[in-house]
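Student: Could you take me on a close look at one part of this model, the nonpolar core, and then show me what lies around it? I would like one connected account that I can follow with the structure open.

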Amino acid sequence: MVMHKKTCECRLCQLKETMSDDEAISAFQRQQMEMLAKYGWFAHYVSDDPDAPMGVNFHTHGMDETFDHPDLQIVFPIDPKIAHSLFWEAINQIKSGKKFRDGDVVDKIVGNGFSVKFVEAQENERTVLRMILPDKYGNLDRADLAGTMAEQYGV
């Protein structure tokens with residue numbers, strides 16, 4: 001069984017508040033399969049992940065099978081709805097034929113004319129493309145990012 005901290009806000013932890021662990025896991029898996037069938041992917045939001053560089057781990061599943069593309073990840077602590085909309089923007093580009101790779105800088109995912117950068121990363125024993133979000137100046141390279149933004153790159 002998945003063990004998250006008491007402060008975790010992921011969907012599984014939400015379900016476990018009103019169901020037994022077994023019922024919650026079954027409902028969670030059923031919801032994932034419904035999203036995969038309907039959209040071709042689904043996302044997880046783990047708000048308290050000790051293995052993620054910034055303690056937050058938004059990530060997708062199903063993109064390998066559906067779009068022949070690595071799953072995506074965001075580790076910057078932003079509102080889950082914003083992270084989900086960023087995934088949608090990237091996935092819409094992937095659906096139109098784009099294939100993102102390690103080091104790619106991509107426009108039209110975030111607003112204000114800023115770009116994001118994709119870097120290869122590990123998420124629970126699988127390779128994903130981590131979406132690096134720009135700082136307020138639009139910087140994306142680790143050496144140029146302002147404040148704690150460089151932590152998105154990890155160790």
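Tutor: Happily! In this predicted model, the largest nonpolar core has 32 residues, and the members that touch the most others are Ile74, Phe118, Met131 and Leu133. Two or more residues come from each of helix H3 (63-67), strand S3 (72-74), H4, S5 and strand S6 (126-132). H4 is the top contributor to this core, with 6 residues.

Met131 is a good place to put your cursor. Leaving out residues up to four places away in sequence, Met131 touches Gln73, Ile74, Leu86, Phe87, Ala90, Ile109, Val116, Lys117, Phe118 and Gln152. Two of those names, Phe87 and Phe118, lead us on to the aromatic rings.

The structure holds 5 aromatic pairs. One of them joins Trp41 and Phe87 edge-to-face, at 6.4 Å centre to centre and with 85° between the planes. This pair bridges distant parts of the chain, 46 residues apart: Trp41 sits in the loop between H2 and strand S1 (42-46), and Phe87 in helix H4 (residues 80-95). Both Trp41 and Phe87 are buried. For Phe100 and Phe118, the ring centres are 4.7 Å apart and the planes meet at 15°, so this pair is stacked. Here too distant parts of the chain are linked, with Phe100 in the loop between H4 and strand S4 (105-106) and Phe118 in strand S5 (residues 116-123), 18 residues apart. Phe100 is buried at a relative accessible area of 5%, and Phe118, at 0%, counts as buried as well. Ring pairs also tie Tyr39, Trp41, Phe87 and Trp88 into a cluster.

Now follow the chain back from Trp41 to the helix. H2 (residues 21-39) has 19 residues, which at 1.5 Å a residue should span 27 Å; its end C-alpha atoms are 27 Å apart, so the two agree. The buried residues of H2 are Ala24, Ala27, Phe28 and Gln32. They lie on the same side of H2, because the arc they cover around the axis is only 140°. An α-helix has 3.6 residues a turn, so residues three or four places apart point the same way. On the face of H2 turned away from that buried side you will find the exposed residues Asp22 and Ala37. After H2 comes Gly40, with a positive phi near 90°. Tyr39 and Trp41 then bring you back to the ring cluster they share with Phe87 and Trp88.

Terms used:
Residues are numbered from 1 along each chain as its sequence is written. This is a predicted model: local features need pLDDT of at least 70, side-chain atom pairs count only at pLDDT 80 or more; totals for chains, interfaces and linings use all residues. Side-chain values use heavy atoms; hydrogens and water are left out. Helices (H or I, at least four residues) and strands (E, at least two) are DSSP runs, numbered from the N terminus. The expected span of a helix is 1.5 Å times one less than its number of residues. Buried means under 20% relative accessible area, exposed over 50%, partly exposed in between (1.4 Å probe, protein chains only). The arc is that of the directions from the helix axis to the C-beta atoms. Rings of Phe, Tyr and Trp (its six-membered ring) pair if their centres lie within 6.5 Å; planes under 30 degrees apart count as stacked, over 60 as edge-to-face and the rest as tilted. A nonpolar core is a set of buried Ala, Val, Leu, Ile, Met, Phe, Trp, Tyr and Cys residues joined through side-chain atoms within 4.5 Å. Contact means heavy atoms within 4.5 Å.
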